[in-house]
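The following exercises concern the chain shown below. Each task is followed by a solution that proceeds step by step.

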Amino acid sequence: MGCRKNLSRLTIAERVAFTNAVNQLRSNGGYDDYVEQHRGAMGHGHGGPAFFPWHREFLRRFEDDLQAIDPSVSIPYWDWTQANVNPAGTESLVWRDDFMGGPGAAGTGAVTTGPFASWGLVRNRFDVFGFPGTGGTIGTSMSSPDYTTFRSVEGPHGAAHVWVGGFMGNPLIAPRDPVFWLLHANVDRLWSEWITRHAATAGFQPFLPLSGGPLGHNLTDSMWPWNGSTTPFGVLPWTVVPESIRPADLVDHRALDYFYDTVDPECRPVVKVRFKELKDRLPKELKERLPKELKERLPKESKERLPKELAPKEVGPKESKEIREIPGDPFIRPELRPDLSGAALQFEPDPGVAPNPDVAALGQALSMRREDLHRHG
Ligand SMILES: [Cu+2]
């Protein structure tokens with residue numbers, strides 16, 4: 001799965017990851033095959049109904065190749081109907097050194113900046129704060145539930161190609177400029193948005209015609225180069241096993257396991273507003289739900305879980321009263337208290353025996369102790 005995001009939402013790390021993967025694919029020799037496929041598909045994937053599904057499959061394969069290099073990468077889209085600048089309006093988010101590089105140089109049109117500076121790209125000398133526009137035309141096409149009307153979006157897409165110019169202005173070599181993928185991700189997003197918007201319309205068809213169109217442009221026609229056909233030329237070696245890829249296989253982008261931030265909930269941008277909503281909503285839900293559960297379940301559970309010997313014993317009023325009634329020393333039960341009566345402590349010296357001074361002293365001490373106890377008893 002991957003989220004195709006508006007390029008203006010990419011982090012610096014995401015920009016770098018994307019351009020790195022594209023550069024690596026080119027170093028691996030896997031990039032130029034795509035340029036060739038596109039060149040061969042002038043009649044197959046352009047100027048007719050198959051324009052949208054053909055490029056969908058084209059992008060999906062390219063994205064697969066990028067993800068084999070870096071699984072975190074998805075193709076960002078360039079919404080060319082609006083300016084893509086930083087909030088202060090001081091920087092372009094497209095034509096910058098850590099992304100697509102700048103416009104072409106005066107005279108030659110050579111692109112000498114950015115991650116693709118060594119590719120020998122050629123572009124117009126456009127204003128990096130400008131943009132192709134065409135949003136009004138696209139909006140009109142999008143509002144119709146009829147595919148034949150919608151697919152006139154191919155026109156504004158062409159205007160964007162021409163605005164970038166250079167390689168991009170020439171359909172035979174347009175994919176040589178990596179901005180091609182960003183422009184076409186936007187075309188693909190528009191198709192997805194249009195389908196989502198009109199899917200509930202009675203009799204809606206995400207693609208037409210079902211039949212009667214030129215070969216390769218009907219719903220269940222297989223499309224070159226993924227059908228093994230050698231017209232206009234064979235696609236070996238990059239597609240070894242002929243496959244039958246038809247427009248019908250491509251009408252649901254979600255089934256192809258990628259998503260758009262403007263269409264799919266999985267991909268919606270997380271912004272501060274959403275966090276604030278969560279913050280406001282959570283305590284409310286807690287009030288509504290959790291206290292009830294706490295009352296009914298949690299205390300009961302904790303009592304049951306407590307070992308028997310640790311469960312608190314109730315102290316009855318009688319027991320506690322008895323403890324308080326013990327006079328004197330509360331730590332000795334009445335029956336165990338020593339007999340401190342006068343008779344028990346009476347000491348009479350033997351008359352036949354000379355008084356032992358120690359015994360006399362002991363008797364004196366005992367008498368004093370007896371008197372002391374009686375006073376406090
Ligand atoms: Cu194309």
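Pro232 lies in the loop between helix 7 and strand 2. Helices (H or I, at least four residues) and strands (E, at least two) are DSSP runs, numbered from the N terminus. The model is predicted: local features need pLDDT of at least 70, side-chain atom pairs count only at pLDDT 80 or more, and totals for chains, interfaces and linings use all residues. Residue numbers start from 1 along each chain as its sequence is written.

**Exercise 1. Determine which peptide bond precedes Pro232, cis or trans, and find a second case in the loop between helix 7 and strand 2.**

Step 1. The peptide bond from Thr231 to Pro232 is cis, with omega near 5 degrees.
Step 2. The bond from Leu208 to Pro209 is also cis, with omega near 5 degrees. Pro209, too, is placed in the loop between helix 7 and strand 2 (259–260).
Step 3. As background, most peptide bonds are trans, and most residues other than glycine have a negative phi.

**Exercise 2. Describe the backbone and the exposure of Thr134 and Asp257.**

Step 1. Thr134, which is not a glycine, has a positive phi of about 70 degrees. Its place is the loop between helix 3 and helix 4.
Step 2. For Asp257, in the loop between helix 7 and strand 2, phi is positive as well, near 70 degrees.
Step 3. Exposure follows from a count of C-beta atoms placed from the backbone: a residue is buried if 20 or more others lie within 10 Å of its own, exposed if 12 or fewer, and partly exposed in between. Because Thr134 has 18 other C-beta atoms within 10 Å, Thr134 is partly exposed. Asp257 has 11 and is therefore exposed.

**Exercise 3. Outline the chain by its secondary structure and burial.**

Step 1. The chain contains 11 helices and two strands. Along the sequence, their pattern reads β-α-α-α-α-α-α-α-β-α-α-α-α.
Step 2. Of the 377 residues, 28% are buried.
Step 3. Two residues are in contact if their C-beta atoms, placed from the backbone, lie within 7 Å. Among contacts between residues at least 6 apart in sequence, 63% join residues at least 24 apart.

**Exercise 4. Identify the residues with the most contacts inside the largest nonpolar core, and the helix that supplies its largest share.**

Step 1. A nonpolar core is a set of buried Ala, Val, Leu, Ile, Met, Phe, Trp, Tyr and Cys residues joined through C-beta atoms within 7 Å. The largest has 57 residues, and those with the most contacts inside it are Trp78, Val179, Trp181, Leu182 and Leu183.
Step 2. Helix 1 (12–27), helix 3, helix 5 (147–150), helix 6 (154–164) and helix 7 each give at least two residues to this core. Helix 7 supplies the largest share, 11 residues.
Step 3. Beyond its neighbours within four places in sequence, Val179 is in contact with Trp78, Met100, Val164 and Met168.

**Exercise 5. Classify the crossing of helix 3 with helix 7 and that of helix 1 with helix 3.**

Step 1. Axes are lines fitted to C-alpha atoms, for helices over the stretch in contact, and angles run from 0 to 180 degrees between N-to-C directions. Angles under 35 degrees count as roughly parallel, over 145 as roughly antiparallel, 65 to 115 as roughly perpendicular and the rest as oblique.
Step 2. The axes of helix 3 (residues 51–69) and helix 7 (residues 179–198) come within 10 Å and cross at roughly 125 degrees. These two helices are therefore oblique to each other.
Step 3. Helix 3 contributes Phe52, His55, Arg56, Leu59 and Phe62 to the contact, while helix 7 contributes Trp181, His184, Ala185, Val187, Asp188 and Trp191.
Step 4. For helix 1 and helix 3, the axes come within 9 Å and cross at roughly 100 degrees, so the pair is roughly perpendicular. Here Ala21, Val22, Gln24 and Leu25 of helix 1 meet Asp65, Leu66 and Ile69 of helix 3.

**Exercise 6. Locate Thr262 and state which residues are in contact with it.**

Step 1. Thr262 is in the loop between strand 2 and helix 8 (272–296).
Step 2. Apart from its neighbours within four places in sequence, Thr262 is in contact with Arg189 and Glu193.
Step 3. Thr262 and Asn6 are 256 residues apart in sequence, yet 8.7 Å apart in space, C-alpha to C-alpha.
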